[in-house]
Amino acid sequence: MDYTLEKEYLKAIFVKQELEVTEETETSITFKRRSLLELNFPEDNLKSLKNYLEIKDEFENTHFETTLISKNYREELVDVINHITSRMIFWRDEKFLFGIESETELFATIDNCSDNYVWNKLENENFLNYILERVRMMRGDGDFIKFTKRMFTIKVYNSNQSSIENNLKISNSIIDSCIFSFSSLKQTTISVVEFFPKRRRTREQSQEIFKVQTHNNFNFPKIKINPHLLKFYQLASSTEFESHKFLSYYHILEYFYLSVSDQNLYDKLSRRINEPKFRTTSQNLDKLIQDINSHKTENDETEMLKSVLAKYVNEDELIEFIKEYEILINDNIYTKKKVIFGNEISGTNLQPGHVFGPISKHIKTVRNGLVHSSDRHERKDRFIPYSKSSMDTVKIQIPVLKFLAEKIIISTAE
């Protein structure tokens with residue numbers, strides 16, 4: 001059998017990744033990158049690729065970047081959410097069946113990803129980088145298809161729809177129900193993986209704002225930090241879930257809401273009472289009562305957060321951090337108007353006196369999105385756990401929140 005077309009297809013992909021052909025026969029081809037990475041495509045791989053290329057046009061790249069879908073079939077990448085706490089992990093060649101396997105009737109499985117899934121995603125740069133990194137780290141015989149079988153997918157067969165859009169709608173509920181059944185009955189929570197993991201960019205690794213100290217010598221502590229804040233910080237720094245990370249950093253800021261707010265009131269009342277002209281007349285006492293009542297009704301949590309930042313964070317340092325961070329991510333996340341979970345937030349010009357307000361609004365909006373999911377009012381844009389758009393919205397806010405949390409821990413230390 002002639003595999004010239006298939007080998008040229010692979011060459012076009014892997015040469016771009018700085019791999020070179022080290023061996024080629026009529027029925028196989030091998031790629032290598034220095035001595036660290038080797039990929040073998042024996043005849044069964046090439047035959048599988050030939051079969052895929054013949055039906056390639058049946059599939060569309062839509063929905064998530066990890067989705068493989070046609071009118072009659074759908075396949076999604078799945079994984080255990082937390083490998084440490086789960087009761088099981090997926091093993092190669094293990095298969096979970098929903099319904100009865102049939103040539104015509106609807107059923108679903110969770111098992112090793114299909115060959116077609118691998119070939120379909122091969123042109124996806126994130127997938128390719130992910131696979132090459134795993135091959136480099138785990139080594140093995142280098143057989144490409146065998147290696148990719150370490151990935152598990154959920155597959156819906158025989159949906160038989162008139163369009164891919166219809167299949168997407170029909171299979172969504174099937175996949176959700178299968179995932180819930182599996183998670184409940186196996187007591188191992190899994191989810192659809194919406195995007196392939198990305199390696200941290202070299203530029204980000206070298207940025208001063210995220211640079212890790214290289215030496216092992218530290219200053220002896222001269223301060224006594226709040227142990228409760230340390231626990232929140234440890235949870236935020238160690239969790240793999242972006243939503244938990246955000247909320248734990250937020251708890252450090254929230255910890256001082258009442259103390260700072262009350263201190264502001266004390267200062268205001270003290271200024272009135274300490275006035276040389278102050279007398280305990282009805283008019284003056286009414287002003288004190290009005291100050292207290294206004295404090296209770298007008299001091300919402302966004303203003304409380306703003307007061308905490310103003311008290312414990314150096315505004316010039318925050319401005320400098322935001323400038324560097326926006327350059328790094330190439331996004332004016334704080335300096336231009338943004339819509340976050342349906343709420344419009346004005347940008348800041350990064351001038352002293354105009355930063356804490358918009359930053360507080362950013363943080364509080366994300367916090368509300370994470371905490372509230374009520375359906376009492378129509379909300380077209382809300383936080384959905386494990387969805388790429390929601391997680392990206394939360395994740396991009398975390399570096400600034402972490403910066404603020406660290407500054408507050410230091411500023412409130414004794």
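Contact here means heavy atoms within 4.5 Å, and angles, which run from 0 to 180 degrees, are taken between the N-to-C directions of axes fitted as lines to C-alpha atoms, for helices over the stretch in contact. Helices (H or I, at least four residues) and strands (E, at least two) are DSSP runs numbered from the N terminus. With these terms in place, α2 is found to lie across β2 and β3, running at about 70° to β3. The model is a predicted one, in which local features need pLDDT of at least 70 and side-chain atom pairs count only at pLDDT 80 or more, while totals for chains, interfaces and linings use all residues. Residues are numbered from 1 along each chain as its sequence is written, and side-chain values use heavy atoms, with hydrogens and water left out.

The strands under α2 belong to an open sheet of three, in the order β1-β2-β3, with antiparallel pairing; two strands are taken to pair if DSSP finds at least two bridges between them. Because β1 and β3 stand at the edges and each has a single partner strand, one side of each is left without a neighbour in the sheet. From one strand to the next the twist averages 15°. Strand β1 (residues 20–25) is joined to β2 by five bridges, and a hairpin connects β1 to β2 through two residues. Within this pairing, E24 has I29 of β2 as its bridge partner, and T25 has S28 of β2. On the other side of the pairing scheme, β2 and β3 are likewise antiparallel, over five bridges, with T30 standing opposite N40 in β3. Strands of a sheet pair through backbone hydrogen bonds, either parallel or antiparallel.

Burial is defined by relative accessible area, with buried meaning under 20%, exposed over 50% and partly exposed in between (1.4 Å probe, protein chains only). Five of the six residues of β2 are buried, so this strand is largely enclosed by the rest of the structure. Helix α1 lies across β1, β2 and β3, running at about 10° to β2. Helix α2 (residues 43–55) has 13 residues and reaches 19 Å from its first C-alpha to its last, close to the 18 Å expected at 1.5 Å a residue, where the expected span is 1.5 Å times one less than the number of residues. The buried residues of α2 are N45, L46, S48, L49, K50 and Y52, and what covers them includes α1 (4–14), β2 (28–33), β3 (37–41), α3 (115–121) and α5 (144–148).

Attention now turns to the nonpolar cores, each a set of buried Ala, Val, Leu, Ile, Met, Phe, Trp, Tyr and Cys residues joined through side-chain atoms within 4.5 Å. The largest has 46 residues, and those with the most contacts inside it are L253, L318, I359 and L404. At least two residues of this core are supplied by each of several helices, including α8 (227–238), α9 (242–254), α12 (301–312), α14 (356–371) and α16 (398–411), and its largest share, eight residues, comes from α16. Leaving aside residues up to four places away in sequence, I359 touches L309, L318, I322, Y334, V400 and L404. Apart from this core lies another, of 33 residues, among them Y9, F41, C113 and W119.

Charged side chains add a further set of links, for which a salt bridge is a side-chain nitrogen of Lys or Arg within 4 Å of a carboxyl oxygen of Asp or Glu; by this rule the count comes to 16 salt bridges. One of them joins the side chains of E76 and R74 (2.8 Å, N to O), where E76 is buried at a relative accessible area of 0% and R74 counts as buried at 2%. Another joins K155 and E75 (3.8 Å, N to O), and this pair links distant parts of the chain, with K155 in strand β8 (residues 152–157) and E75 in strand β5 (residues 73–80), 80 residues apart. Here too K155 is buried, with a relative accessible area of 2%, and E75 is buried at 0%. The salt bridge between K364 and E301 (3.1 Å, N to O) connects helix α14 with helix α12 across 63 residues; K364 counts as buried at 7% relative accessibility, whereas E301 is partly exposed at 32%. Finally, K7, E8, K11 and E24 are linked in a network of salt bridges.
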